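Trainee: I'm new to this one and would like a close look at a single part of it. Could you then help me place that part within the whole?

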Amino acid sequence: MVEAERTLIAAKDGDLQTLRSLRRSAPFAADGFGATALHYAARTGRIDCVKWLVETVGISPKVYGKSGATPLHDAAAQGRLECVKYFLGNGSVDGDTRDGSGHTALHLAARFGRFDTVKWLIERGNSNPRAKSKNHMTPVHFAASGGHLTCLELLVFKAGYRLVW
């Protein structure tokens, strides 16, 4: 197995000891979609690995995969709230950062019904519930199309939409 592949697996699994032993390759490891070790750690909520990769190795939280997704996007899509809080809390990433399709972290959290993440992004992360993607979709559209009623109700309320019957 190549060092880069071992690095990505260690990040995904939260194996900080192996990551430390592969420190030389950590900044350069990426899969075929451009996802880095930081993306992998964020997706699986491995906050100790996320912090180490950012603070010790120096991987930027603004690193983009080929789709334009940052580790923040991946963490939000998977509902890894601790990682979302870390990325937004250290001020290195804006909550309304867009991926290649114009989706924000809030779009992705709503799409997958990650209620706690949606709530935090709106109330504490200053994310815009009316943000439109390149195809003019808002987080409300994603919550509705996924059938995520609790997310939908929160988004409609926070975005200030009026319901007309």
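Trainee: Which residue has its charged end over the ring of tyrosine 40, and how far is that end from the ring's centre?

Mentor: Happy to help! The charged end belongs to arginine 43, and it is 4.9 Å from the centre of the tyrosine 40 ring. A charge sits over a ring when NZ of Lys or CZ of Arg is within 6 Å of the ring centre and within 35 degrees of the ring normal.

A word on the model before we go on. It is predicted, so local features need pLDDT of at least 70 and side-chain atom pairs count only at pLDDT 80 or more, while totals for chains, interfaces and linings use all residues. Residues are numbered from 1 along each chain as its sequence is written, and side-chain values use heavy atoms, leaving out hydrogens and water.

Now a second example of such a charge: arginine 130 has its charged end over the ring of tyrosine 161, 4.2 Å from the centre. The C-alpha atoms of tyrosine 161 and arginine 130 are 9.4 Å apart in space, although 31 residues separate them in sequence. Tyrosine 161 lies in the segment after α10 (149-159). Its relative accessibility is 29%, so it counts as partly exposed; buried means under 20% relative accessible area, exposed over 50%, and partly exposed in between (1.4 Å probe, protein chains only). Beyond neighbours within four places in sequence, tyrosine 161 is in contact (heavy atoms within 4.5 Å) with residues including Pro129, Arg130, Thr138 and Leu155.

Back to the stretch around our first pair. Helix α3 spans 37-43, and it helps to cover the buried residues of α4, as do α2 (16-21) and α6 (81-89). The helices here are DSSP runs of H or I with at least four residues, strands are runs of E with at least two, and both are numbered from the N terminus. Helix α4 covers residues 47-57, and its buried residues are Ile47, Cys49, Val50, Trp52, Leu53, Val54 and Val57. After α4 comes glycine 58, with a positive phi near 90°.

Helix α4 also matters for the interior. A nonpolar core is a set of buried Ala, Val, Leu, Ile, Met, Phe, Trp, Tyr and Cys residues joined through side-chain atoms within 4.5 Å. The largest one has 46 residues, and those touching the most other members are Val50, Leu53, Val84, Phe87, Val118 and Leu121. Helix α4 gives the most to this core, seven residues. Valine 118, for its part, is in contact with Leu106, Ala109 and Cys151, among others.

As for the cysteines, the structure holds zero disulfides, a disulfide being a pair of cysteine sulfur atoms within 2.5 Å. The cysteine sulfur nearest to that of cysteine 49 is that of cysteine 83, 9.5 Å away. Cysteine 49 is buried at 0% relative accessible area, and cysteine 83 is buried at 1%.

Finally, step back to the whole protein. It has 10 helices and zero strands. Of its 165 residues, 47% count as buried. Contacts between residues 24 or more positions apart make up 64% of those with a separation of 6 or more. The C-alpha trace spans about 60 × 25 × 25 Å along its principal axes.
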